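Here is a briefing on one protein model. Please look over the sequence and the structure before reading on.

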Amino acid sequence: MRSILIIAPNWIGDAVTTQPLLATLKAQYPESRIDVLASHWVAPIYRACSEVNQVIEAQLEHKKLQWNLRKQLAKEIESKNYQACFVLPNSFKSALIPWLANIPFRIGYRGECRFGLINVALDNPSKVNRPPMVEHYLALSHLLKEGELATSVKLTPKLNIPQIAKQLVEKKIQDHGVNPQSIYVLCPGAEYGPTKRWPTDHFAKLTKLLLAENSSNQVILLGGKGDHILGQEITSQAGAVDNLQNWCGETSLDEAIALISMSKAVISNDSGLMHIAAALNTPQIAIFGSSDPAHTPPLSNKAKVIWLNMSCSPCHKRECPLGHLLCLKDILPEQVFATLNTL
């Protein structure tokens with residue numbers, strides 16, 4: 001197999017969990033060229049994967065067919081003569097480009113009317129007993145080549161740190177007068193919805209505990225543009241404290257990867273940044289509410305999960321169906337702080 005194309009998932013966390021698949025394919029086909037077609041918001045993940053030869057960044061958008069763009073991309077991709085394509089999202093539209101590009105082996109899970117578009121397929125697992133996402137994607141590697149996984153391949157994702165992004169972050173840290181030796185990164189966002197977001201007043205209390213513990217500690221709030229308002233709430237609720245910076249929406253994902261790699265610890269919800277911290281082996285605490293840590297755990301021996309495992313959990317709902325959100329509210333800042341000191 002000389003050339004392989006990967007159609008990337010649409011979520012940052014999912015993208016991180018595909019890295020062991022890339023490593024396995026590279027071990028199975030050492031001479032192969034592995035390229036990734038990715039939307040602009042997950043492309044930085046694949047730029048941090050050493051197995052990837054080229055990231056083809058496309059302006060693909062959620063819930064839009066974009067037929068003309070897909071035809072144009074298919075024409076460009078057909079000229080590269082890929083022999084196989086792994087289509088990692090389950091959607092119909094994600095399977096269109098490799099089919100239009102006449103890639104011989106189009107590999108993925110069955111789903112959303114993809115018969116014919118995907119010609120080497122696995123059944124989707126049951127929603128009741130879903131495997132961890134790493135195993136879900138890794139299972140596809142067996143479809144072209146039988147046998148055991150290469151012993152050198154680990155089932156834990158690993159990302160590299162973009163050098164240019166690291167330099168930019170170092171300059172930003174210097175410009176803001178931040179002590180680079182004592183950075184704690186707090187990630188208050190979760191794209192999925194409120195049932196994955198630990199309350200902002202809890203983040204604020206945790207911030208005060210961290211800064212009271214040591215005057216040299218620095219807290220940086222990290223997230224996307226949509227999380228900036230959460231950062232503002234935390235800043236306001238924390239009151240007049242020094243050494244607190246709201247960088248939500250003010251860094252690129254490449255820079256976020258670099259910053260997380262430099263931090264003493266990361267405290268986050270079940271989110272894309274949680275998976276990035278795990279792939280960088282940064283000490284971390286992952287707070288779970290409506291989701292299941294057995295399905296999307298932070299795969300790192302430096303990670304600790306806090307999950308109350310209530311009778312209503314995991315509900316996988318975007319809004320709390322019972323209206324109380326106790327699965328997150330009852331995880332107290334003092335508990336997180338005490339756990340942080342055991343890392």
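**Surface, salt bridges and one helix**

Phe92 is partly exposed, at 32% relative accessible area. The model is predicted. The points below cover a nonpolar patch, the salt bridges and helix H9.

**Nonpolar patch**

- Phe92 sits in the loop that runs between strand S4 (84-87) and helix H5 (96-100).
- Together with Leu65 and Trp67, Phe92 makes a nonpolar surface patch of about 270 Å².
- Patch members need over 30% relative accessible area, and Phe92 has 32%.

**Salt bridges**

- The count of salt bridges is eight. Three of them follow, including the pair of Glu57 and Arg47.
- Side chains of opposite charge can pair when their charged atoms come close.
- Glu57 and Arg47 form a salt bridge, with N to O at 3.0 Å. Glu57 belongs to strand S3 (residues 54-58) and Arg47 to helix H3 (residues 43-47), so this bridge ties together parts ten residues apart in sequence.
- Both ends of this bridge are partly exposed: Glu57 has a relative accessible area of 39%, and Arg47 has 43%.
- Glu61 and Lys64 also meet through their side chains in a salt bridge, 3.0 Å from N to O. Glu61 is partly exposed at 38%. Lys64 is partly exposed at 43%.
- Asp175 and Lys171 form a salt bridge of 2.9 Å, N to O. The two residues are four apart in helix H7 (residues 163-175), which means about one helical turn separates them.
- Asp175 is exposed, with 52% relative accessible area; the cut-off for exposed is over 50%.
- Arg47, Glu57 and Asp254 are joined into one network by salt bridges that share partners.

**Helix H9**

- Helix H9 spans residues 228-238. Its buried residues include Leu230, Gly231, Ile234 and Ala238.
- Why do these residues lie on the same side of H9? They cover an arc of only 100° around the axis, and therefore share that side.
- An α-helix has 3.6 residues a turn, so residues three or four places apart point the same way.
- The buried residues of H9 pack against three elements: helix H8 (200-213), strand S8 (218-221) and strand S9 (244-246).
- Gly239 follows H9. The phi of Gly239 is positive, near 80°.

Conventions: Residues numbered from 1 in each chain as written. Predicted model: local features only at pLDDT ≥ 70, side-chain atom pairs only at ≥ 80, totals over all residues. Heavy atoms only, no water. Buried < 20%, exposed > 50% of the residue type's maximum accessible area, 1.4 Å probe, protein only. Arc of directions from axis to C-beta. Contact = heavy atoms within 4.5 Å. Patch = residues over 30% accessible without salt bridge, like charges linked within 9 Å, V, L, I, M, F, W, Y side chains within 5 Å. Areas by Shrake-Rupley, 256 points an atom, 1.4 Å probe, with all protein chains shown as cover. Salt bridge = Lys/Arg side-chain N within 4 Å of Asp/Glu carboxyl O.
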